[in-house]
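Hello everyone, and thanks for coming along. Please bring the sequence and the model up on your screens, and we will walk through them together.

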Amino acid sequence: MKFKQTFFSLLELVIIVAITICVFKFVAIPIKIDGSSMGNTLHDGDIALINAVGVNENNIERFDVVVAYSDELDEKIIKRVIGLPGETIAFKNDVLYVNGEIVVQDFLDQDFVEESKITYNVDNFTEDFEVTLGDDEYFLMGDNRLRSTDSRVLEPFFIDDIIGYKGLVIYPFNHIQWLD
């Protein structure tokens, strides 16, 4: 009788561990923010759960927060989608242009932008550039443009590089927020 109880307890534990591993690998990816590249949206040390279900070209939209795997850095990075496949993305004097049309970046904290420009003694928060994306390329950038290694350096990403999108910051508790 004791053996049977022990066996079922161990079996229950194995099932719980297997389910937990599957959830955190295929449903909600836990990620710890390392650095300031997504400031002032995400902070160094924040912990978020990122949705890993349904990552495909039909679900990824401009300004979504995504987790992508960078081969060059050999790590997962969290960034924001700025450009979608086939688009021409340009920044001129801190203004985002998509296919020649101005697109407002409402997610940026303007006080943070101005403080950063003063801190780093620069005129623009985002250096001027222009890039045309291929039919299957995404342009990802950090919200803290002055401290982000992103598609400006790493080149565009492909849909297969994006492993999660959107999510929820769960820690610290005073930073809890949805990531859209």
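**A first tour of the model**

Let's start at Lys 166, which counts as partly exposed at 27% relative accessibility; buried means under 20% relative accessible area, exposed over 50%, and partly exposed in between, with a 1.4 Å probe and protein chains only. Before going on, a word on the source: this is a predicted model, where local features need pLDDT of at least 70, side-chain atom pairs count only at pLDDT 80 or more, and totals for chains, interfaces and linings use all residues. Residues are numbered from 1 along each chain as its sequence is written, and side-chain values use heavy atoms, with hydrogens and water left out.

Back to Lys 166, which has its place in strand β11. Helices (H or I, at least four residues) and strands (E, at least two) are DSSP runs here, numbered from the N terminus. Lys 166 is not a glycine, although its phi is positive, at about 55 degrees. Asp 94 is another non-glycine with a positive phi, of about 70 degrees. You will find Asp 94 in the loop between β5 and β6 (95–98), and Asp 94 is partly exposed, with a relative accessible area of 21%.

While we are on the backbone, which residues does a cis peptide bond with omega of about 5 degrees join? They are Gly 39 and Asn 40. Asn 40 belongs to the loop between β1 (28–32) and β2 (47–51). There is also a cis bond from Tyr 171 to Pro 172, with omega near -5 degrees. Pro 172 sits in the loop between β11 (162–171) and β12 (177–179).

Now to the rings. A pair of aromatic rings is described by the distance of the centres and the angle of the planes. Rings of Phe, Tyr and Trp (its six-membered ring) pair if their centres lie within 6.5 Å; planes under 30 degrees apart count as stacked, over 60 as edge-to-face and the rest as tilted. That rule gives a count of 5 aromatic pairs. One of them is Phe 91 with Phe 129, a tilted pair with 5.5 Å from centre to centre and 35 degrees between the planes. This pair links distant parts of the chain, 38 residues apart: Phe 91 is in strand β5 (residues 88–92) and Phe 129 in strand β8 (residues 129–132). Is Phe 91 buried or exposed? Phe 91 is buried, at a relative accessible area of 0%. Add Phe 139 to Phe 91 and Phe 129, and you have one aromatic cluster.

Charges sit over rings too, meaning that NZ of Lys or CZ of Arg is within 6 Å of the ring centre and within 35 degrees of the ring normal. Arg 80 lies over the face of Phe 107, 4.0 Å from the ring centre. Lys 92 lies over the face of Tyr 97, at 5.5 Å from the ring centre.

Next, please click on Ser 70, in strand β3 (residues 65–70). Ser 70 is buried, with a relative accessible area of 2%. What does Ser 70 contact, leaving aside its neighbours within four places in sequence? Its partners are Glu 75, Ile 77, Leu 154 and Phe 157, where contact means heavy atoms within 4.5 Å.

Let's look at the pockets. Rolling a probe the size of a water molecule over the atoms shows where empty space is left. On a 1 Å grid over the protein atoms alone, a pocket is an open set of points where a 1.4 Å probe fits, with protein on both sides within 12 Å along at least five of seven lines; lining residues have an atom within 4 Å of a point. Grid points are joined across faces, edges and corners, and a volume is the space filled by probe spheres set on the points.

The largest pocket holds about 320 Å³ of space. It is lined by 16 residues, and closest to its centre are Asp 34, Ser 37, Glu 75, Lys 76 and Ile 77. Two elements, β1 and β4 (75–83), give two or more residues to this lining, and β4 supplies the largest share, 5 residues.

The second largest pocket has a volume of about 160 Å³. Asp 94, from our backbone stop, is among the residues nearest its centre, along with Val 95, Gln 105, Leu 108 and Gln 110.

That is the tour, so thank you for listening!
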